[in-house]
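Student: I'd like a close look at one part of this protein, the place where its nonpolar side chains gather. Can you walk me through that part and then link it to what lies around it?

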Amino acid sequence: MDIFLKIYRRFKMGSSYGISCRECYYRKDFRIGIGMIYSPNNLKDIDSEFALLPSLIRSKKTLEQIKTLLKEENAEIADDYGHEIYRCHKCGDFYGRFYLRLEYNGGTYEIEYKCPKCKIRLKLIDHSVSAIDAMQEKVINLEKYPCPKCGNYSLYEDGVEILWD
Ligand SMILES: [Zn+2]
Ligand SMILES: [Zn+2]
């Protein structure tokens, strides 16, 4: 991971992000980034009653996979984890999911999600990182995606708010 992303991460608090359409009533809100308690150590705890990961990842099968890798392969959690926006390339809809990647001797594991409607793999939406003074800001390239409802290229960023939890 390059140095810019590392600096960016330090400033990256959780925030909310809205996607709206100018041509129809499509609107969805997402949570992006991380909360204060999201440290790699907290994430590694899967079994205690305070475990964070089971509240972020609903699939029991995925949780088991992660647990096995942490335990048997001594996997480390890569530090680009966080809430992200995914998109299905079939129905075009957007979904908020928790991004997590593990690194271990001989491989990496990236968490996978499926579109609840189409059952195909969701992809992270395209974004770039821009620098404003010392702050790194994530810019989501919404213009390249058509609205999932009306099909027009008329989506816009509708409210970004920092969440301090
Ligand atoms: Zn879909
Ligand atoms: Zn629309």
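**The main core and its surroundings**

Tutor: The largest nonpolar core has 14 residues, and those with the most contacts inside it are Ile19, Ile85, Tyr86, Leu122, Leu142 and Leu155. Bear in mind that this is a predicted model. The elements that give two or more residues to this core are β1 and β4. Of these, β1 gives the most, with three residues. As general background, nonpolar side chains tend to be buried together in soluble globular proteins.

Leu142 is a handy place to zoom in. Setting aside neighbours within four places in sequence, leucine 142 is in contact with Ile19, Leu155, Tyr156 and Glu157. Ile19 and Leu155 also figure among the core residues with the most contacts.

Now for the strands behind that core. Strand β1 covers residues 14-21 and runs antiparallel to β2, residues 27-32, with six bridges joining the two. One residue pair to look up there is serine 15, whose bridge partner in β2 is isoleucine 32. The link from β1 to β2 is a hairpin through five residues.

The other contributor, β4, spans residues 82-87 and is joined to β5 by six bridges, again running antiparallel. Tyrosine 86, one of the core residues with the most contacts, stands opposite tyrosine 95 in β5. Zoom out a little and β4 sits in the middle of an open sheet of three strands, ordered β5-β4-β8, with antiparallel pairing. Its edge strands are β5 (94-99) and β8, each pairing on one side only.

Let's move to the rest of the chain. Besides the main core there is another one, lying apart from it, with five residues, among them Leu53, Ile77, Phe98 and Leu100. Ile77 takes us to β3 (76-77), which is an edge strand together with β7 (107-110), each of them pairing on one side only. They belong to a second open sheet of three strands, in the order β3-β6-β7, with antiparallel pairing. Two bridges join β3 to β6, residues 101-104, and these strands run antiparallel. Glutamate 76 has glutamate 103 as its bridge partner in β6.

Follow the chain past β7 and you reach isoleucine 111, in the loop between β7 and β8 (123-124). Isoleucine 111 counts as partly exposed, because it has 17 C-beta neighbours inside 10 Å. Beyond its neighbours within four places in sequence, isoleucine 111 is in contact with Thr62, Tyr99 and Leu100. Leu100 is one of the residues of that five-residue core. Isoleucine 111 and leucine 63 lie 48 residues apart in sequence, with their C-alpha atoms 9.6 Å apart in space.

Thr62 and leucine 63 lead us to helix α4, residues 60-72. Here is a quick geometry check: at 1.5 Å a residue, its 13 residues should span 18 Å, and the end C-alpha atoms are 18 Å apart, so the two agree. Just after α4, asparagine 74 takes a positive phi of about 50°.

For the overall setting, the protein chain has four helices and eleven strands. Of its 165 residues, 15% count as buried. Among the chain's contacts with a separation of 6 or more, 58% come from residues 24 or more positions apart.

Technical notes. Residues numbered from 1 in each chain as written. Chains lettered and ligands numbered in written order. Predicted model: local features only at pLDDT ≥ 70, side-chain atom pairs only at ≥ 80, totals over all residues. Pairing = 2+ DSSP bridges. Expected span 1.5 Å × (residues − 1). Buried ≥ 20, exposed ≤ 12 C-beta atoms within 10 Å, placed from the backbone. Contact = placed C-beta atoms within 7 Å. Core = buried A, V, L, I, M, F, W, Y, C linked by C-beta atoms within 7 Å.
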